Amino acid sequence: MEGIFCIDDDMVTLMICKRIIEKSGVTSTIHSASNGLEGVEKLEDLLQKNHLPQLILLDLNMPVMNGWDFLNTIQNDESYQKIHVVILSSTVDPADFEKTKNYAMVKGFISKPLTVENLLDIYKSF
Amino acid sequence: MKLPQHSISILLVVLLVISTFYLHNQSEVNHLFFLIHYFLMGTFIFIFFKRKNNPINVISSPTTSLKATSNSLEVLWIWDLNQKKFHWSKNISSQLGYDTNEVENELKWLFDKIHPQDHMRFSLEVYHLVNEKQKDVNYSDIVQIKTKQNEFKYFQSIVEVQENEVGEIQLVGSLVDVSKFKNEEIRLQLLESVILNSKEAILILEGNQEQGKFPKVLFTNQSFEKITGYSEKEIQNNGLEKVFIEQIKFSESYQSCIEKLMFHQDCIVELPAKSKEDVHIWLQFSFVPIFDKNEEITHFISIIRDITLEKEREVEREKLISELQKSLEDLKQFSYITSHNFRAPLSNLLALNELIKDYDIEDASLLELINGYQKSTFLLNETIEDLIQTIVIRDAEVSYEWIKIEDLVNDCKQLLKNQIDAQTTQFELDLKCTEIWFHKSYAENIFINLINNAIKYQNHKQEVCKITITSEESSKGVLVKIMDNGIGIDMELNQHKLFGLYQRFHPNTEGKGIGLYLVKNQMKSLGGEISVESEVNQGTTFNLNFKNPE
């Protein structure tokens, strides 16, 4: 398992994430998807290629399929149980923070923007 | 000419004595004398018994009769029409308080003592008797008479015209104090008027009842018919169940009320009902059991209120509250979405700012533009974050925990490490209490804001920026003081707006005037108190009073 999979509907955010990851030097393998559904499909693809990411940086508010539904889709799949998911969102709704407790895969919550320090802290916790 | 009755009697006695003496001295019996003698005797006996049985003659002598009644409860009076004199029985003093010698010899004296309500009626009736002089006709009435103690008492009065033993016409009256009965009667009338005129329906029900039914109704007042449309007879025949809608009879409150009455307990219940005209109404029933001396139930009293209007208002109020709650929820969601939508691009701007720093920009004017862009982005982010904090204060469900004051200060130092100049900033802690009972993120925000202010508004004329944090027990919990030796605040000018929104007191320093507003709100929202003492160029002290758990 290697690399980071960024799922966000904002292209600027995806670009920034890519730059920050590169700058941090934690990995050079970066995948991205623009919503939850695309994320599920890409994840299946990566699974088949045996290139599952170590970390998913997941936005919550996305069109087509939001972050919660993405988690609902993958959380019971044995193949993905070793992946760490960290929420990367701009939400201020306390209910969102509470909700993350229901997902064992979710290991953290980062309030945007992603910084090199955040990323290094996450990798330290693995 | 009419001879007085007592003169006839005396004449008869004299004649009887003469005839007896004559008969006694006669040797021969003269039948005619015998006859005359026995006729005289028979006449005397007849007159004697007639006097005994004639009520007029009860008062043979007013004074004698009046003396005889001196210990009785019945006060007697005689008005001598010829001599214009009043005779009163001695018990007038015990019953009315006047001595017999205080009574004036005028009928007016009695009339003046009669209550204005009864005065006209009484005097007219008595004058009528005086004028008509009709014997054996009486006037009976209940009148109020003023006693010597200036209070009115109720008396049963009987006045009649009588003839005395010498054939003179007298007005004879009797008075019996009936105040006790009359007052009781008035009290009962009042109680009755309450029941009859009450706007609430009042029912009297039997003390016993059939299983699963309300007790039988014995009495209903008029209001019951006004409220329900059912007459007393209809409800007596059909039972109280008649007023309820069928569905409610299976409800818990209906059944529980019947059960309580079975056990002779009080019961208050609000139930939907229907009037005789099939109009739906809400009634509040209050049942009270009444017991006798042996603690046996005798009956129930029930007061019924029409609460239809109140219920309708309650429904309207609940609807309004639910609409308001929905609006509030919508507003909350709107504020979350707006905040999110502001924060998302802003966080990108912040990240881009950081990434730009990796590039060497040689063009001075481009660098100036980028610096301006970075500064504005930073300020915009601060404003948005502060506004989001105010939303979070209102909405967040707070949880309390014991927080170490020293940890809070150390966290602040860490977070403000870029602002704190290690050479010139000095922290001093004197903590008699080590912990506060508060919501952690609020406590962190309060300490960060106040310590940040102390650094931001330090007095550069001083060698060091000294921040002293003390804690001690207070009547409510723990008093924490955050003191600095900074430039201070002019309290005379700013005392009232210190904790207001968008208030700034030092134009030459950065700040949007939202920090102290947040601090006060966070303190107040958890029952804490905050006050400030400050002197220009001397420093500022914030007193934070944290409540202990109850």
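Two strands pair if DSSP finds at least two bridges between them. Helices and strands are themselves DSSP runs (H or I over at least four residues for a helix, E over at least two for a strand), numbered from the N terminus. This is a predicted model, in which local features need pLDDT of at least 70 and side-chain atom pairs count only at pLDDT 80 or more, while totals for chains, interfaces and linings use all residues. Residues are numbered from 1 along each chain as its sequence is written, and chains are lettered from A and ligands numbered from 1 in the order in which they are written.

The pairing term applies directly to chain B, which has 16 helices and 17 strands. Strand 4 (residues 152-163) and strand 5 of chain B run antiparallel and are joined by nine bridges. Within this pair, B:I158 has B:S174 of strand 5 as its bridge partner. The hairpin formed by strand 4 and strand 5 of chain B has five residues between the strands, and B:G167 takes a positive phi near 80° there. Strand 5 (residues 169-177) of chain B also pairs with strand 1 (residues 74-80) of chain B, in the antiparallel sense and over seven bridges. Here B:V75 is matched with B:L175 of strand 5.

Positive phi values also occur at residues of chain B that are not glycine. B:K84 is not a glycine but has a positive phi of about 50°; B:K84 sits in the loop between strand 1 and strand 2 (85-88) of chain B. A residue is buried if 20 or more other C-beta atoms lie within 10 Å of its own, exposed if 12 or fewer, and partly exposed in between, with C-beta atoms placed from the backbone. B:K84 has 10 other C-beta atoms within 10 Å and is therefore exposed. B:D278, a residue other than glycine, has phi near 65° and belongs to the loop between strand 8 (267-274) and strand 9 (280-291) of chain B. B:D278 counts as exposed because it has 8 C-beta neighbours inside 10 Å.

Over the whole of chain B, buried residues make up 21% of the 550 residues. Two residues are in contact if their C-beta atoms, placed from the backbone, lie within 7 Å. Of the contacts in chain B with a separation of 6 or more, 56% are between residues 24 or more positions apart.

The largest nonpolar core (a set of buried Ala, Val, Leu, Ile, Met, Phe, Trp, Tyr and Cys residues joined through C-beta atoms within 7 Å) has 30 residues, and those with the most contacts inside it are B:I436, B:A443, B:I446, B:L450 and B:V480. Helix 14 of chain B gives the largest share of this core, seven residues. Not counting residues up to four places away in sequence, B:A443 touches B:I403, B:L408, B:I436 and B:F438. Another core lies apart from it and has 29 residues, among them A:F5, A:I21, A:L114 and B:A351.

Chain A has five helices and five strands, in the order β-α-β-α-β-α-β-α-β-α from the N terminus on. Buried residues make up 34% of its 126 residues, and residues 24 or more positions apart account for 69% of the contacts in chain A with a separation of 6 or more. In helix 3 (residues 67-74) of chain A, the buried residues are A:G67, A:F70, A:L71 and A:I74. Seen down the helix axis, they fall within an arc of 100° (taken from the directions from the axis to the C-beta atoms), so they line one face of helix 3 of chain A. These buried residues pack against strand 1 (4-7), helix 2 (36-48), strand 3 (55-58) and strand 4 (84-89) of chain A. Elsewhere in chain A, a cis peptide bond with omega of about 10° joins A:K112 and A:P113. A:P113 is in the loop between strand 5 (106-111) and helix 5 (116-125) of chain A.

The contact between the chains takes 16 residues from chain A and 17 residues from chain B. Helix 1 (residues 11-24) of chain A supplies five residues, the largest share of the side of chain A that touches chain B.

Confidence remains to be considered. The model scores ipTM 0.83 and pTM 0.47. In chain B the mean pLDDT (the predictor's confidence in each residue, from 0 to 100) is 83, and 83% of the residues reach 70 or more. Over residues 49-64 of chain B the pLDDT is below 50, and this stretch has 16 contacts in the model beyond near neighbours in sequence. Where pLDDT is low, the predicted coordinates should not be read in detail.
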